[in-house]
Structure formats: structure tokens, C-alpha cells
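The following exercises are to be worked with the sequence and the coordinates at hand. Each task is followed by a solution in steps.

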Amino acid sequence: MEASSAQETGFDVDEAEESLLHGSPGTSPVELASPHEALFLSLPYLLFMDLFTVRMVCKSLRDAVDCDALLWHNVVLERPLSFKVTDSILLDLVSKANGRLESLVLIHGWFFTDSALHLIAQTNPHITKLHIPGCSALTPGGVVRAVEKLNNLKHLRVYGDHPYIDVDICPKCNEVRIVFDCPREGRCQKWSCRGCLFCIVRCKECGGCISLEEVEAGETVCPDSLCSECWLHLPKCVLCNRPSCSQHLYLQSRSFPGSPDFTCELCIFQPGKSPATI
């Protein structure tokens with residue numbers, strides 16, 4: 001949750017951070033009056049991040065949040081709070097689920113390490129969802145060792161890609177990397193192209209596997225490779241007739257705004273050369 005969206009929803013980042021880091025109400029624990037019972041009934045309907053704000057209201061609400069294991073079955077920590085999360089803080093939060101954690105989402109938890117992930121997996125075998133993109137202190141081996149303990153895991157995000165499971169052991173190099181299947185029907189069986197980007201060259205546009213012949217024949221103005229089909233359909237430089245992938249097309253010099261025609265940097269900085277000599 002970004003700071004701007006947090007403000008729009010009434011989420012108090014400062015109060016939540018105080019609750020996350022120190023775990024105690026920002027006011028005196030001595031209560032003048034007990035909260036209305038309806039407040040306690042609303043707790044299961046709050047967003048997880050809002051629980052930290054509720055904990056800061058008074059001692060009764062703090063105890064109600066901390067002692068209800070159901071509220072901690074799905075731990076979701078997004079920015080900016082995730083930047084502050086250390087192993088000890090996360091382990092303390094997860095422990096409130098009493099071993100029944102179902103999902104853990106930690107976005108950009110820079111201080112989250114393999115040892116904490118391994119302990120969470122070991123003590124919470126019922127996890128079905130694990131999203132940890134941007135947790136730069138984790139290692140591929142550490143993630144794999146933790147995942148091996150989670151027999152019920154259905155959703156894993158490490159790099160933030162689209163597949164349900166986006167990290168695996170490459171069948172070609174046996175390294176832990178992002179492993180892709182060819183999206184083109186029939187091509188995987190024909191070329192045995194399931195593998196990581198280091199073992200299988202893939203088209204930047206469609207993600208399909210491409211042969212070395214296609215790589216050599218389909219020159220581009222960007223460093224990415226294209227299959228022959230995508231090569232034919234993409235806009236090309238008006239001088240050298242080489243295409244650019246969609247991701248790098250905005251870097252090219254357009255003939256005029258809104259035009260698909262462009263002149264690549266190589267042709268701009270090497271004027272006078274014909275397409276055959278470029």
C-alpha cells in the first residue's frame with residue numbers, strides 16, 4: 001500500500017509503523033471506557049494493515065487483535081511498512097497465527113532472511129500462498145528449501161511474474177531460476193523448450209521459444225530477441241528495416257509524434273550508411 005493510497009483510505013502510516021515496530025498502543029493503556037462491542041465484531045472485516053492502527057486505539061482492542069489467531073492467518077505487509085520489517089518482527093507477527101498461517105505476502109521486505117523464512121515454513125505447514133517479491137536478502141536456495149516443506153503451497157511469487165509458481169529448478173541446467181513453458185501450442189514438445197532464460201532463448205514479445213537460426217536472421221535495434229512472427233509485425237527503422245520490441249520502442253526517434261515509423265540510434269549516429277552495411 002503506497003503512502004498516497006493509504007491516505008485516501010484513512011490508513012495512518014505513522015500509527016501503523018509505531019504499532020508494528022513497538023507493539024504497544026500510542027496512548028496510555030489505562031482505559032477510560034471500554035470500546036463498543038460492535039468494534040470487536042468488525043475486526044475480521046478489516047484489511048490486515050488496518051489492524052495495526054486498531055491496535056493503537058486502546059489496550060482492549062490491542063488485546064483483542066493480538067489474541068484472535070484468525071486475524072493472523074493471512075499476513076499481508078506492503079509498502080511502506082514492509083521496508084521496516086525485520087526477521088524478529090515478522091516472526092512475532094506470524095506467531096500470533098499459532099501455526100495456522102495460510103498466506104504470507106511481504107512486498108520489498110529488505111531485511112527478511114532465509115533463516116526466518118525457513119522457520120515460518122517449518123512451523124506453519126498449511127501455507128498455501130507465499131508472495132515475497134523484492135525481498136532481496138533471500139536466496140534462491142533458501143526459498144527452495146522453505147518451499148519443500150510446504151506441501152499445500154499453491155501460489156508462489158518470488159519475482160512478481162504471472163505464473164502461479166514462478167521459480168523452479170531448470171530441467172536443463174538444474175539451477176534454481178524462473179522456468180518458463182512455451183506459450184505456443186506444440187512448440188514445447190517439438191523443441192523441449194521448458195527451461196530458464198539462460199538455457200532457452202525466448203521472444204521478448206510473445207515469450208515463445210526461438211531457434212538460433214531465428215536469432216541470427218531476425219536482427220533487432222534493441223538487445224532483445226524476437227521470433228520470426230513478431231519480427232514481421234513490429235514497427236521497423238525506416239533506414240535499416242530492423243524492428244524494436246515494444247518495451248524499447250519508446251527509446252527510438254519517431255518520425256513525428258504518434259507515428260509508428262522511427263529511426264534507430266545506430267542509423268542516427270552512423271549517417272550515410274546503407275541498410276546492407278549497417
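**Exercise 1.** In this predicted model, determine whether H73 is buried or exposed, and list the residues that H73 touches beyond its sequence neighbours.

*Solution.* Step 1: locate the residue. H73 sits in the loop that joins helix 5 (59–67) to strand 1. Step 2: apply the cut-off. Buried means under 20% relative accessible area. H73 has a relative accessible area of 12%, so H73 is buried. Step 3: collect the contacts. With residues up to four places away in sequence left out, H73 touches A97, R100, L101, E102 and S103.

**Exercise 2.** Establish the strand order of the open four-stranded sheet and the sense of its pairing.

*Solution.* Step 1: read the order. The four strands are arranged 1-2-3-4, and the pairing is parallel. Step 2: identify the edges. Strand 1 and strand 4 (155–157) each pair on one side only, which makes them the edge strands. Step 3: consider the orientation. Ignoring direction, neighbouring strands of this sheet are turned against each other by 5° on average. Step 4: examine individual pairs. Four parallel bridges link strand 1 and strand 2, and L77 has L106 of strand 2 as its bridge partner. Strand 3 (residues 129–131) and strand 4 are joined in the parallel sense by three bridges, with L130 opposite L156 of strand 4. Step 5: inspect the faces of strand 2. S103 and V105 are buried on one side, and L104 and L106 are buried on the other, so that both faces are covered.

**Exercise 3.** Classify the packing of helix 6 against helix 7 from the crossing of their axes.

*Solution.* Step 1: obtain the geometry. The two axes, of helix 6 and helix 7, come within 10 Å and cross at roughly 10°. Step 2: classify the angle. Angles under 35 degrees count as roughly parallel; helix 6 is therefore roughly parallel to helix 7. Step 3: list the contributors. Helix 6 supplies D87, L90, L91 and V94, while helix 7 supplies S115, A116, L119 and I120. Step 4: sort them by character. The residues of this contact comprise six nonpolar, one polar and one charged.

**Exercise 4.** Explain why C199 and C230 do not form disulfides with their closest cysteines.

*Solution.* Step 1: state the criterion. A disulfide requires two cysteine sulfur atoms within 2.5 Å. Step 2: test C199. Its closest cysteine sulfur, in C196, is 3.6 Å away, which is too far for a bond. Step 3: test C230. The closest cysteine sulfur to that of C230 belongs to C227, at 3.5 Å, again too far for a bond. Step 4: give the total. The count by this rule is zero disulfides. Step 5: add the surroundings. C199 is partly exposed at 30% relative accessible area, whereas C230 is buried at 16%.

**Exercise 5.** Describe the backbone at P80, H108 and N241, and place each residue in its loop.

*Solution.* Step 1: P80. The peptide bond from R79 to P80 is cis, with omega near 5°; P80 belongs to the loop between strand 1 (74–77) and helix 6 (87–95). Step 2: H108. Although H108 is not a glycine, its phi is positive, about 55°. H108 lies in the loop between strand 2 (103–106) and helix 7 (114–123) and is partly exposed, with a relative accessible area of 26%. Step 3: N241. N241, likewise a residue other than glycine, has a positive phi near 60°. Its loop runs between helix 11 (228–233) and strand 7 (253–254), and N241 is partly exposed at 45% relative accessibility.

Note on methods:
Residues are numbered from 1 along each chain as its sequence is written. This is a predicted model: local features need pLDDT of at least 70, side-chain atom pairs count only at pLDDT 80 or more; totals for chains, interfaces and linings use all residues. Side-chain values use heavy atoms; hydrogens and water are left out. Buried means under 20% relative accessible area, exposed over 50%, partly exposed in between (1.4 Å probe, protein chains only). Helices (H or I, at least four residues) and strands (E, at least two) are DSSP runs, numbered from the N terminus. Axes are lines fitted to C-alpha atoms, for helices over the stretch in contact, and angles run from 0 to 180 degrees between N-to-C directions. Angles under 35 degrees count as roughly parallel, over 145 as roughly antiparallel, 65 to 115 as roughly perpendicular and the rest as oblique. Contact means heavy atoms within 4.5 Å. Ala, Val, Leu, Ile, Met, Phe, Trp, Tyr, Cys and Pro count as nonpolar, Asp, Glu, Lys and Arg as charged, and the others, Gly among them, as polar. Two strands pair if DSSP finds at least two bridges between them.
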